[in-house]
Amino acid sequence: MPVFFHLTLQKPTGITQAVQGNFSAPKAQEIVVARSHTLELLSPDENGKLRSLCVCEIFGIVRVISAFRLTGTQRDYLVVGSDSGRLVILEFCNAARTFKRVHCETYGKTGIRRIVPGQYLAVDPKGRALIVGAVEREKFVYILNRDSKANLTISSPLEAHKSRSVCHDIVGLDVGFENPIFASLEQSYEAVDALQVDDDEELTDEALKKGLSFWEMDLGLNHVVRKMTLPVDLSAHHLVAIPGGESPGGVLVCCENFLVYKNMEHPEISCAYPRRLEMAQDKPLLIVSSAIHKMRDFFFVLLQSEYGDIYKVELFHEEGRVKEIVCRYFDTVPLGNSICILRAGYLFVAAEFGDHHLYQFTGIGTNENDPLCSSNHPQGKDAIIAFKPRVNQNLQLIDELSSLSAITDLKVIDVQGLGQPQIFLGCGRGDRSSIRVLRHGLSVEELADNELPGRPKQVWTVPTGVDSTHDGFILVGFEGNTLVLSVGEAVEEVTDSCFLTSITTLHVSMMGDGSYIQVHDGGVRHVFDMKVREWKTPTAKRVKVAASNKHQLVLALSGGEIVYFELDESHTLVEVAKRSLNVEITCVSLQPTGAGRLMASFMAIGALDNLVRILSLDRHLKQHSTQLLPNNSTPESVCLAEFQVAAHSTLMLAVGLNTGVMIRATVDSISGALSDQYTRFLGSRAVKFRNIKNQIMGTSDRPWLLYEYQGVMQCVPLSYDTLESVASFSSPLCQDGYVAIAGSNLRIFRCCRLGETFSEHRLQVDYTPRRLVLMPNEAPTQGGLNYMLAVVEADHNAYGPDNVAEIAQALEGIKLDNEVGEPLALTNFKAGSGKWGSCLRIVNPLSLTTAAKLLFERDEAATTAAVVVLDGMQCLCVGTALGYDLTNAEDVESYIRIYCYGANFEIRLLHITRVGGVVRAFAGYEGRLLAAVGKRIRLYSLGKKQLLLKAEHRTCSDHGFIWLNTVGSRIFAGDIREGLQVLRIKFYSEEAADFEWVGGATGPRWLTCCAQLDYSTVIAGDKFDSLFVARVPQEESTRHIQLENVCQFHLGDLPTAIDKASLSPSTSVVLYGTIMGSIGALVPFQSKDELDFLQHLEMLMATEAPPLCGREHSFYRSYYVPVQQVVDGDMCEQFRHLSEAQQRKVAQQLDSNVNNVLRKLDEIKNRIM
């Protein structure tokens, strides 16, 4: 029976909601984003690049978040509504660098239910009260206050229920310090129930009317009362609270095509939105998100439409009465679930699909020629003001945050057969769709690449002075000479520097007094104030390796002799001690000197006797500890570095061996003892380490970076070429870069974003990628192009390229009076029901370019594809549907197109076969084609002019199949609603066959994706965020069988793609992708002891570190079906974020120590990648 360890490799990248606030510091500009089951705190740095401050896994589904600040305080709290049935208030803890729970108030049942609050949340602008509401009927109000110790207090809930009503939105009104007032957009269905209308009868607007209800929280009487309900348009769907005080207060009600200003005892004022020129007059325009920017003397509102257009809304008022509303076109950005305005002048757009954007305001929409509409327009809310979207004039893109949402398909391919698998993803939707290629490692941005004369060996960088933050020189060491380059506006060679260029340089650095040292095989050159002092080696001795920090220098001479120098107050290198180890030394490293310390205590030395020694830096060079290396292993490099882990400094030793293995250990800062040894294989080449700015960079087959990120040590590869030597690089244009030698080239690069798991490359596509299909080469070769990738693209309510070109040309011929700026090229026109844009794209996975693009007839959409061997010929089978309106999958004109290709992947159409019903899946069966057509499964053979029908099964499904696969004689079929089924085919002759139903699942499952694990086992995901493994029982004596569910696990995110693959040579895993852009893995356990250990760790962690938002961990993973045979690695990974005392407590309960627990977690993670 399979038992899996579940681990999320890529946290969700899609964002459901974002709020801004000051969470970590009084004037911090920060954004909290909700990503399905995680919370993340983001902040732009001084360059406008978003950086992640913390990520919190809550083991629950975040429904809504909001920020509030108590009166008189300078930091914000975060209030979260989730599926836990509890209202949770969080505060950011700077010491732990994460959110801590302040209050957890239970108000309802767990889960996402209609009448359980948690869907809507609004806070009084003064931070005195908040309201949490359900979709239907229930709302609770809580009073927020402080006790005598300035700690947050929360009252018991006060009911604000309204029976037989559906809530659409809630906001808190700005009323100053009067009683808090909340406004809710509600729709009563009491009149509908009373009418008891027939199905054919249309409901009237009077029966479906909506209202804007005002709820007052009386702080004196401690109860909530509904003051009034104002009627609003039936199309009202979004509320925006207007600032009060000197501003008028009240609320904007966003309806289709117009907005309305509402307030108690104030007449309503309506204003239409400007509309795109191509929009039909009867087409409604919806608002999806909003943001308010308030300064001392003015404010404005930004609204975003369903097309991505931003509107700026201004209210002109006098003495609290609104006189006019002006709505003007501002700019166009990607469609967002949330938009946030930061006081630093940034606009953050949490995109619905595709990457999230951070913009900087370059203007606030004051151009008088911009398209606008006023409430004083003669036609009022029915006014139509057309405009053409233009290139942004008020917003400038500063940074992008990668998002894989939504993943539509996933494939793992080793394109060249070199043991370098990559993950290929179909991501996004519509015109924001792409093909992404992920590889384990940090992404790298290359800034420069210059060829050097000869074959360089090493590279160093040194600043121009002690106080300089930028590097002044780059030194490249060759055999017999040294190249000196100056760093300025350009990097160029210099010949008049203080460095000697006619020697083989072994080491270069700047000392603490601003002097330079240059170590060569014959001695040391010490340059201070352009005066050179030299120390030469004794006769018959040569310098082998050297290391230094700000005030200390160590030389290792031939024969195993160590010479130790210190820099004295007269700027002179003084020889302090000598010692002979009587064994040849291969590498040396000094402990760096931290802030407030002049001298380091230890150095590490590696020698040919398979030992690494820790020696004290004093007159005795006393040996404190040793590290015995494996047999036949020589230390190629050693590196001592200090890291801030768990709020304290840790001295770490990294040893690189000639076998490609890294050994990492912790050095005691007092005794020099080694502990917590950790080993990892990095590559087939020898590993060389270099200490770079509180990081350790290692070079082997790939570069590796060892660094601390959010309190956890990370050791990840870089997605870059093989490097020989690396050094830090800092310039005005690149503060955190690296300079490296790759072959005979000198390169400058930087890591784009620390903390990421995968680097990515992308190819933009025209439509949503529905299916990725591997096209194997007939004659695969190692190092050749063994696969091409076929991408099925299709979008409903979209036009094909010919229609788009016609519409764009027609719009270009229409001139408007309000045209300002360069027009924006648009492709996302709304076509209507039954209209499709589709193509079949053939992609070269090596260069990530389009090799071919196959178009279909107008409104013909590709639905699925597969490569099947038919009559000994590799064929690409494509299912298409013509004019499919998504309502009836049976009465649709559908086709199966058969393409063939050869060794050069040249696509040729063989024939087209017309079938009835939407084609959703293909599979090969003994040289024939299995097709899921509508509700039926058919068997075809290849004919000369069309496919020939051999057998058909009509009775096993009422809904159709999304997946087919054959293993031996078995046919596994995934029913859309009923789960998995197993069939066989009986052949009566070459021309006659019949399907036989063998068995199926025990209960219905709304399947989204499936994958075959072995002859009897299938893993599948359903629409209710669950993964399960089903297996054919071993006893198949009966005619009909029932599949056994052997594994069950709730993800908290809808799985959309599954693939069985190997990302590392050690083991095979199950990879899955989700609609929120998350990637996870299920890896089998290797032993019973490993299973028992991690099962106990999971149980202890659920007790020691309960989920942040109050959801019980076991209940969350057993959302609909009890969790079965899966250990939650995400909960086990929380062990890394515990305090030291908590880690020791958990480890003692496991009869282990902290290092062993961390090593076990690392080992199973390394097996995956």
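In strand 20, histidine 238 has cysteine 254 as its bridge partner. I start there, in a model that is predicted, and work outwards through the strands before coming to the domains, the cavities and a few backbone details.

That bridge belongs to the pairing of strand 19, residues 238-241, with strand 20, which is antiparallel and runs over 4 bridges. Strand 20 also pairs with strand 21, residues 258-263, again in the antiparallel sense and over 4 bridges. Cysteine 254 turns up in this second pairing as well, opposite leucine 259 in strand 21. Between strand 20 and strand 21 there is a hairpin with 3 residues between the strands, where asparagine 257 takes a positive phi near 80°.

Which residues of strand 20 cover its two faces? Val251 and Val253 are on one side, Leu252 and Cys254 are on the other, and all are buried. As background, side chains in a regular strand alternate between the two faces of the sheet.

Next, strand 59, residues 695-699. How many of its residues are buried? The count is 5 of 5. Gln695, Met697 and Thr699 make up one side, with Ile696 and Gly698 on the other, so for strand 59 too both faces are covered, since buried here means under 20% relative accessible area.

Strand 59 has a hairpin on each of two pairings. With strand 58, residues 688-692, the pairing is antiparallel over 5 bridges, and isoleucine 692 has glutamine 695 of strand 59 as its bridge partner. The hairpin of strand 58 and strand 59 has 2 residues between the strands, and lysine 693 in the turn shows a positive phi of about 50°. With strand 60, residues 703-709, strand 59 pairs in the antiparallel sense over 4 bridges. Threonine 699 faces proline 703 of strand 60 there, and the hairpin joining strand 59 to strand 60 goes through 3 residues.

Now a sheet. Strands 37, 64, 63 and 62 form an open sheet of 4 strands in the order 37-64-63-62, with antiparallel pairing. Its edge strands are strand 37 (444-451) and strand 62 (725-731), each pairing on one side only. Ignoring direction, neighbouring strands of this sheet are turned by 25° against each other on average. At the strand 62 edge, the pairing with strand 63, residues 734-742, is antiparallel over 6 bridges, and serine 731 stands opposite cysteine 734 of strand 63.

On to the domains. The domain assignment gives domain 1 as 61-195 + 203-231, domain 2 as 406-441 + 759-797 + 832-947, domain 3 as 444-634 + 723-758, and domain 4 as 1099-1168. Between the C-alpha centres of domain 2 and domain 3 the distance is 54 Å.

Cavities next. How many are there of 30 Å³ or more? The count is 3. The largest holds about 80 Å³ of space. Its lining includes Tyr329, Phe387, Arg390, Glu819 and Pro823, and by class that lining has 6 nonpolar, 2 polar and 3 charged residues.

The second largest cavity has a volume of about 50 Å³. Among its lining residues are His6, His37, Asp1053, Arg1117 and Asp1130. Strand 1 (4-10) and strand 88 (1067-1074) are the elements that give two or more residues to this lining. The classes here are 2 nonpolar, 5 polar and 3 charged.

Last, three backbone details for anyone checking torsions. The peptide bond from serine 405 to alanine 406 is cis, with omega near -5°. Alanine 406 sits in the loop between strand 33 (395-401) and strand 34 (407-413).

Aspartate 871 is not a glycine, yet has a positive phi of about 55°. The loop that holds aspartate 871 runs between strand 70 (860-870) and strand 71 (873-882). Why does aspartate 871 count as exposed? Because its relative accessibility is 57%, and exposed means over 50%.

Glutamine 1125 is also not a glycine and has a positive phi of about 60°. Glutamine 1125 lies in the loop between helix 4 (1113-1117) and strand 90 (1126-1128). With a relative accessible area of 30%, glutamine 1125 is partly exposed.

Definitions and conventions:
Residues are numbered from 1 along each chain as its sequence is written. This is a predicted model: local features need pLDDT of at least 70, side-chain atom pairs count only at pLDDT 80 or more; totals for chains, interfaces and linings use all residues. Side-chain values use heavy atoms; hydrogens and water are left out. On a 1 Å grid over the protein atoms alone, a cavity is a set of points where a 1.4 Å probe fits but cannot get out, and a pocket is an open set with protein on both sides within 12 Å along at least five of seven lines; lining residues have an atom within 4 Å of a point. Grid points are joined across faces, edges and corners, and a volume is the space filled by probe spheres set on the points. Ala, Val, Leu, Ile, Met, Phe, Trp, Tyr, Cys and Pro count as nonpolar, Asp, Glu, Lys and Arg as charged, and the others, Gly among them, as polar. Domain bounds come from an automatic or database domain assignment. Buried means under 20% relative accessible area, exposed over 50%, partly exposed in between (1.4 Å probe, protein chains only). Two strands pair if DSSP finds at least two bridges between them. Axes are lines fitted to C-alpha atoms, for helices over the stretch in contact, and angles run from 0 to 180 degrees between N-to-C directions.
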